[in-house]
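The following paragraphs guide a reader who is new to this structure through its main features. Please keep the sequence and the three-dimensional view at hand while reading.

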Amino acid sequence: MLVRKLTSETLTSDKSLTLDIIKKYFGRNTELAKELQLYNNLIKEQYKSEARALDYIRTIRESYNRLNQSVLKRQRYNLVKEISKNFVFENISKTRINNYKVLASIYMLFEHSEVSNPKQLMECKTFIVEHGMPVKNNIVSKDIVLESYTKQSEDLRLLSYNLLVDKFNKKYGVLSESQKNLLGQFITSVNDTELFKQYIGKVIPKIKNNLKEHAITVTDKATKIKIEKLSEMLCSVENKKVIKESHVLSLLRYMDLVNELKQVHSWNHFYKK
């Protein structure tokens with residue numbers, strides 16, 4: 001969630017809060033960072049055999065037990081408290097997690113003993129093993145660029161990230177504030193379509209009002225009719241059950257049109273003076 005929030009804030013200059021939270025709780029020496037690494041190890045590891053997988057799971061679990069559990073619990077509590085304080089927690093809780101089942105299985109593996117619930121724990125182990133086993137008759141192609149990136153040093157990865165952000169800002173630096181907000185909402189709500197639809201429900205009426213307001217100043221009859229028709233077409237986006245990238249692109253173009261009309265209106269007003 002925090003990484004997705006940071007990605008959204010990359011569109012603007014204000015990303016200090018999210019970045020500070022990530023650095024504070026997931027810095028190199030925090031227990032949360034160590035726990036996150038163990039989760040990632042189990043999620044990303046590919047096993048050649050079931051026996052090897054079970055041995056690896058046992059090793060990871062032993063590593064987890066060596067973490068300072070009291071510090072870990074305190075850091076978790078403070079992290080949730082800080083997120084609740086700075087963000088709308090209700091929106092976060094609605095976020096869909098694609099790999100929820102494997103994360104829940106790892107959580108059960110870490111937090112429960114075989115004495116308390118051996119059957120459920122065995123089911124969790126089985127799911128983690130199946131998750132890490134190669135799929136039969138399915139050749140997994142490696143992303144050469146991603147593989148090369150992960151092998152780089154931390155400083156080089158950070159430099160690559162900064163260059164990527166600079167490139168993005170250079171390409172999309174001409175976006176208006178409303179367009180940046182729209183893209184930001186689309187990125188952060190990628191797994192919460194209902195939340196994004198609520199946002200769209202507020203944006204579209206504003207665009208309609210702007211089009212109606214500026215259409216009055218348009219003297220060309222044909223252009224005025226086209227603007228009115230465009231306003232009507234916005235209803236089709238508003239009533240969509242699922243908002244796709246193509247719909248977001250359409251809204252960005254509508255915002256461009258509104259900005260163009262504003263400029264035309266400003267120039268007409270200037271020349272009349």
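**From one side chain to the whole fold**

Apart from its neighbours within four places in sequence, Gln-75 is in contact with Tyr-25, Thr-30, Glu-31 and Leu-32. Gln-75 belongs to helix α5. Its relative accessible area is 17%, under the 20% limit, so Gln-75 is buried. A polar atom of the side chain of Gln-75 lies 3.0 Å from the backbone nitrogen of Leu-32. The model shown here is a predicted one, and every distance and percentage in this account is computed from it.

With this starting point in place, the overall architecture may be considered. The protein has 14 helices and zero strands. Of its 273 residues, 30% count as buried. Among contacts between residues at least 6 apart in sequence, 67% join residues at least 24 apart.

One helix pair can be examined in detail. Helices α3 and α4 pack with their axes 10 Å apart, at an angle of about 175°. Because an angle over 145 degrees counts as roughly antiparallel, α3 is described as roughly antiparallel to α4. On the α3 side, the contact is made by Glu-35, Leu-38, Asn-41 and Leu-42. On the α4 side, Tyr-56, Ile-57, Ile-60, Ser-63 and Tyr-64 take part.

Two of these residues, Leu-42 and Ile-57, lead on to the nonpolar interior. In soluble globular proteins, nonpolar side chains tend to be buried together. Here the largest nonpolar core has 23 residues, and those that touch the most other members are Leu-42, Ile-57, Ile-106, Phe-110 and Ile-128. At least two residues of this core come from each of α2, α3, α4 (50-65), α5, α7 (100-111) and α8 (118-132). The helix that gives the most is α3, with five residues. Ile-128 provides a view from within this core: leaving aside its neighbours within four places in sequence, Ile-128 is in contact with Leu-42, Tyr-47, Ile-57, Ser-105, Ile-106 and Leu-109. There is also a second, separate core of 22 residues, which includes Val-248, Leu-251, Tyr-254 and Val-258.

Charged side chains form another set of links. Side chains of opposite charge can pair when their charged atoms come close. With a limit of 4 Å between the side-chain nitrogen and the carboxyl oxygen, the count comes to five salt bridges. One of them joins Glu-82 and Lys-24, whose closest N and O atoms are 3.2 Å apart. This pair links distant parts of the chain, since Glu-82 is in helix α5 (residues 69-86) and Lys-24 is in helix α2 (residues 16-26), 58 residues apart. Glu-82 has a relative accessibility of 19% and therefore counts as buried.

A second salt bridge stays within a single helix. The closest N and O atoms of Lys-34 and Glu-31 are 3.0 Å apart. How far apart along helix α3 are Lys-34 and Glu-31? They are separated by about one helical turn, because they are three residues apart in helix α3 (residues 31-44). Glu-31 is buried, at 9% relative accessibility, whereas Lys-34, with a relative accessible area of 36%, is partly exposed. Glu-31 was met earlier as one of the contacts of Gln-75.

A third salt bridge connects the side chains of Arg-76 and Glu-35, at 2.4 Å from N to O. Arg-76 lies in helix α5 and Glu-35 in helix α3, so this pair ties together parts that are 41 residues apart in sequence. Arg-76 counts as partly exposed at 23% relative accessibility, while Glu-35 counts as buried at 8%. Through salt bridges that share partners, Glu-35, Arg-76 and Glu-111 are joined into one network. Glu-35 also belongs to the contact between α3 and α4.

A residue outside the helices completes the tour. Asn-99 lies in the loop between α6 (89-93) and α7. Its relative accessibility is 32%, so Asn-99 counts as partly exposed. Asn-99 and Ile-43 are 56 residues apart in sequence, and in space their C-alpha atoms are 9.1 Å apart.

Conventions. Residues are numbered from 1 along each chain as its sequence is written. This is a predicted model: local features need pLDDT of at least 70, side-chain atom pairs count only at pLDDT 80 or more; totals for chains, interfaces and linings use all residues. Side-chain values use heavy atoms; hydrogens and water are left out. Helices (H or I, at least four residues) and strands (E, at least two) are DSSP runs, numbered from the N terminus. Buried means under 20% relative accessible area, exposed over 50%, partly exposed in between (1.4 Å probe, protein chains only). A nonpolar core is a set of buried Ala, Val, Leu, Ile, Met, Phe, Trp, Tyr and Cys residues joined through side-chain atoms within 4.5 Å. Contact means heavy atoms within 4.5 Å. A polar contact is a pair of N or O atoms within 3.5 Å; within protein, one must be able to donate a hydrogen and the other to accept it, and residues adjacent in sequence count only if both atoms are side-chain atoms. Axes are lines fitted to C-alpha atoms, for helices over the stretch in contact, and angles run from 0 to 180 degrees between N-to-C directions. Angles under 35 degrees count as roughly parallel, over 145 as roughly antiparallel, 65 to 115 as roughly perpendicular and the rest as oblique.
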